[in-house]
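Student: I am new to this structure and should be grateful for a close look at one part of it. Please begin with a single residue and its surroundings, and then go on to the aromatic rings and a helix.

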Amino acid sequence: MNKPASFLSVVSSPARFTTVEFLRMCDAGAFGDMYVELVDGELERMPPPGNEHGRRQMMVGVRLSRVIAEELLRGDVGIDLGNDTVLGCDAAVLVAPVVGNRILQPDEVALVVEVAETTRSRDMDMKRVKYSSAGIASYWVIDGERSVVHVWSEPVNGDYAQISTVRFGEPLAVPGTDQTIVID
Amino acid sequence: MNNPAALYAPASLNVRFSVAEYVAVCEATDMRLELVDGELQRMSPARNAHATRQGDIYAMLRAIDRSRAKVEAGIQLDENTVLGCDVAWLHAAAQQADFLRPEQVALAIEVSDTTLGRDLGFKRQRYAAAGIAHYWVVDAGRSVVHVYSDLVDGDYAQISTVRFGEPLAVPGTDQTIVIE
């Protein structure tokens, strides 16, 4: 529902950080070890990932490496999604090799993977919208709580048209290959 | 301007920035930042007219008592909130510390250009809640100063409008200043 225009706002309504400003702050080491993303011009800080998250993230990388060339795999990489939004994803498969230490553009990314332990709603809602709006072809959320992988593909007009759920232990098709992997 | 309906729930998992982390971020960047309930926010870059007016007000207050006038002062309202105040007038001379505490501030002054709504709304509410007895918002668009005072139940009970060019009483003194 649209909010009416409000002259006197008791909500802060701060000025937006732009992507350039955010990246400059990152480069200047402003955030140190803090895990910070930029969403619609606002800074969002996430807690450091825990053991289960780390275990699953590594597992995804290891299993993808059996079917995807190493040079196309990335872990913990930032993606510039436009509209003053920069997100860090847990793992990604590139369309083609990328050289240089910079954040990625969405058209360089074929698949984004997020491991959702404590961040499930954020991964399944906000991030899904952001990744699909930027045209990233495939998106997986590894849902530890429900032991399923949510699989989205075919971005159309700000959301994914194709949605399916693959239980842990069942074969999961890897986009861009005729292979499957298993998450468990 | 209407905000489009949000497609997703607002961020609720976010970890707060502490004041110490806020300070560290500020030191690494030249952006003007505030901390609001643990969220790092940027302040709009000050425009020329704003800076001039802010400087003039600071100069007038310094002329009354140098040690009680502060410009570009960060005021730490609580554990998770530091707001940037354009000019602050203190009850008494203050020792140099990272940020001012609201108890030290007799009068907070904001010079508004693009931030009028936020200064009259959000900031008024937060300064009042922190117990800052007097608050002025310099509204250049209308050539008036909105004068808030008389704290009752966490908000200002007395609101008056003083046109540019008319005397404004400086709290805790028998002096007035005039904003043009």
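**A residue of strand 7 and its surroundings**

Tutor: A:Ser153 is found in strand 7 of chain A, which covers residues 148-156. The model is a predicted one. A:Ser153 counts as buried because its relative accessibility is 17%, and the cut-off for a buried residue is under 20%. When neighbours within four places in sequence are set aside, the contacts of A:Ser153 are A:Ala137, A:Ser138, A:Tyr160, A:Ala161 and A:Gln162.

One of these contacts, A:Tyr160, leads to the aromatic rings. A:Tyr160 belongs to one aromatic cluster together with A:Tyr131, A:Tyr139 and A:Trp152. A pair of aromatic rings is described by how far apart the centres are and by the angle between the planes. Over all chains, the count is nine aromatic pairs. For A:Tyr131 and A:Tyr139, the ring centres are 4.9 Å apart and the planes stand at 65°, so this pair is edge-to-face; an angle over 60 degrees is what that label requires. Both A:Tyr131 and A:Tyr139 are buried.

Chain B offers a stacked pair, formed by B:Tyr135 and B:Tyr148, with 5.8 Å from centre to centre and 25° between the planes. This pair links distant parts of the chain: B:Tyr135 lies in strand 6 (residues 134-139) of chain B and B:Tyr148 in strand 7 (residues 144-152) of chain B, 13 residues apart. B:Tyr135 has a relative accessible area of 0% and is therefore buried. B:Tyr148 is buried as well, because its relative accessible area is 7%.

A ring of chain B also meets a charge from chain A: the charged end of A:Arg45 sits over the ring of B:Phe17, at 5.2 Å from the ring centre.

There remains the helix. Helix 1 of chain A spans residues 19-27, and its buried residues are A:Thr19, A:Glu21, A:Phe22 and A:Met25. Viewed down the axis of helix 1 of chain A, these buried residues fall within an arc of 165°, so they line one face of the helix. The face turned away from that buried side carries A:Val20 and A:Asp27, which are exposed. Just after helix 1 of chain A comes A:Gly29, with a positive phi of about 75°.

To return to the starting point, A:Ser153 is a buried residue of strand 7 of chain A, and A:Tyr160, one of its contacts, is a member of the aromatic cluster described above.

Technical notes
Residues numbered from 1 in each chain as written. Chains lettered and ligands numbered in written order. Predicted model: local features only at pLDDT ≥ 70, side-chain atom pairs only at ≥ 80, totals over all residues. Heavy atoms only, no water. Helix = DSSP H or I, 4+ residues; strand = E, 2+ residues; numbered from the N terminus. Buried < 20%, exposed > 50% of the residue type's maximum accessible area, 1.4 Å probe, protein only. Contact = heavy atoms within 4.5 Å. Arc of directions from axis to C-beta. Phe/Tyr/Trp six-rings, centres within 6.5 Å; stacked < 30°, edge-to-face > 60°. Lys NZ or Arg CZ within 6 Å of the ring centre and 35° of its normal.
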